[in-house]
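Subject: Structure for your review

Dear colleague,

Please find below the structure that I am handing over to you. My notes on it come directly after.

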Amino acid sequence: MAAARCCEEHDMSETSELVALCATDDIEQGGIRRGTLPDGHAVAIYNVDGEYFVTDDICSHGEASLSEDGMLEGHQVECSWHFGRFDVRTGEACAMPCEKALRTWPVRIEDGRVFVDAGEGNA
Ligand code: FES
């Protein structure tokens with residue numbers, strides 16, 4: 001398989017799968033947007049004071065979409081279905097009834113766009 005590229009200038013390693021999700025301007029500060037990885041997996045992209053984080057979009061407690069039904073407060077996203085919370089930096093569950101962590105992906109900002117390494121998500 002050929003090495004992935006984020007643009008003409010940046011060849012990535014054979015194991016890297018850098019994927020452009022959106023423009024940084026697409027998400028206001030404190031906002032959340034939905035994105036999709038090449039395999040169809042839905043992710044939520046967060047803008048916390050100009051820093052970007054990416055987690056699973058679907059809450060680990062139920063089927064809520066965190067990009068649609070979540071509320072970002074600092075580095076935590078609250079799921080409006082049952083008020084569970086996650087730390088968007090680590091995916092860690094911070095409030096019941098959520099116990100299982102969300103997956104997270106390393107983020108890179110290049111040329112005003114938000115990229116994740118789709119091959120590097122934690123489990
Ligand atoms: S579905 Fe998210 S807290 Fe229950």
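The paragraphs below set out what was found, beginning with confidence and overall make-up and ending with the individual sheets.

**Confidence and overall make-up**

Please bear in mind that this is a predicted model. The average pLDDT of the protein is 89, and 87% of the residues reach at least 70. The exception to note is the stretch of residues 1–14, where pLDDT stays under 50. For that stretch the model has 19 contacts beyond four places in sequence, and I would ask you to read them with the low score in mind.

The secondary structure consists of one helix and 13 strands. Read from the N terminus, the order of elements is β-β-β-β-β-β-α-β-β-β-β-β-β-β. The protein has 123 residues, of which 33% count as buried. Of the contacts between residues at least 6 apart in sequence, 38% join residues at least 24 apart.

**The nonpolar core**

In soluble globular proteins, nonpolar side chains tend to be buried together. Here, the largest nonpolar core comprises 26 residues, and those with the most contacts inside it are Ile32, Ile45, Tyr46, Val77 and Val116. At least two residues of this core come from each of β3 (18–23), β5 (42–48), β6 (51–56), β8 (76–79) and β13 (113–117). β5 gives the largest share, with four residues.

Two of these core residues deserve a description of their own. Ile32 lies in strand β4, which covers residues 32–36. Ile32 counts as buried because 23 other C-beta atoms lie within 10 Å, where the cut-off for a buried residue is 20 or more. Leaving aside residues up to four places away in sequence, Ile32 touches Ala44, Ile45, Tyr46, Leu66, Ser67, Gly70, Leu72 and Val77. Ile32 and Asn47 are 15 residues apart along the chain, and their C-alpha atoms are separated by 6.6 Å.

Tyr46 is the second of the two. With residues up to four places away in sequence again left out, Tyr46 touches Ile32, Tyr52, Phe53, Leu72, Val77 and Val88. Ile32, Leu72 and Val77 are thus among the residues that Tyr46 touches, and Leu72 and Val77 are also among those that Ile32 touches.

**β5, β6 and β11**

β5 and β6 run antiparallel and are joined by six bridges. Together they form a hairpin with two residues between the strands, and Asp49 in the turn has a positive phi of about 50°. Tyr46 has Phe53 in β6 as its bridge partner, and Phe53 is also one of the residues that Tyr46 touches. β6 itself is mostly covered, with five of its six residues buried.

β6 also pairs in the antiparallel sense with strand β11 (residues 104–105), over two bridges. In this pairing, Val54 stands opposite Trp105 of β11.

**The three-stranded open sheet**

Strands of a sheet pair through backbone hydrogen bonds, either parallel or antiparallel. One open sheet is formed by three strands in the order β3-β13-β12, with antiparallel pairing. Its edge strands are β3 and β12 (107–110), each of which pairs on one side only. Neighbouring strands of this sheet are turned against each other by 30° on average, direction ignored.

β3 and β13 pair over five bridges, whereas four bridges join β12 to β13. Phe115 in β13 stands opposite Ala20 and also opposite Arg108. β12 and β13 form a hairpin with two residues between the strands, in which Asp111 takes a positive phi near 50°.

**The four-stranded open sheet**

A further open sheet is made of four strands in the order β7-β8-β9-β10, and its pairing is antiparallel. Which strands stand at its edges? They are β7 (70–73) and β10 (93–95); each has a single partner strand, so one side of each is left without a neighbour in the sheet. The twist from one strand to the next averages 30°.

Strand β9 (residues 85–87) and β10 run antiparallel and are joined by two bridges. Arg85 has Ala95 in β10 as its bridge partner. This sheet also links back to the core, since β8 is among the strands that each supply at least two residues of it.

With kind regards

Note on methods. Residues are numbered from 1 along each chain as its sequence is written. This is a predicted model: local features need pLDDT of at least 70, side-chain atom pairs count only at pLDDT 80 or more; totals for chains, interfaces and linings use all residues. pLDDT is the predictor's confidence in each residue, from 0 to 100. Two residues are in contact if their C-beta atoms, placed from the backbone, lie within 7 Å. A nonpolar core is a set of buried Ala, Val, Leu, Ile, Met, Phe, Trp, Tyr and Cys residues joined through C-beta atoms within 7 Å. A residue is buried if 20 or more other C-beta atoms lie within 10 Å of its own, exposed if 12 or fewer, and partly exposed in between; C-beta atoms are placed from the backbone. Two strands pair if DSSP finds at least two bridges between them. Axes are lines fitted to C-alpha atoms, for helices over the stretch in contact, and angles run from 0 to 180 degrees between N-to-C directions.
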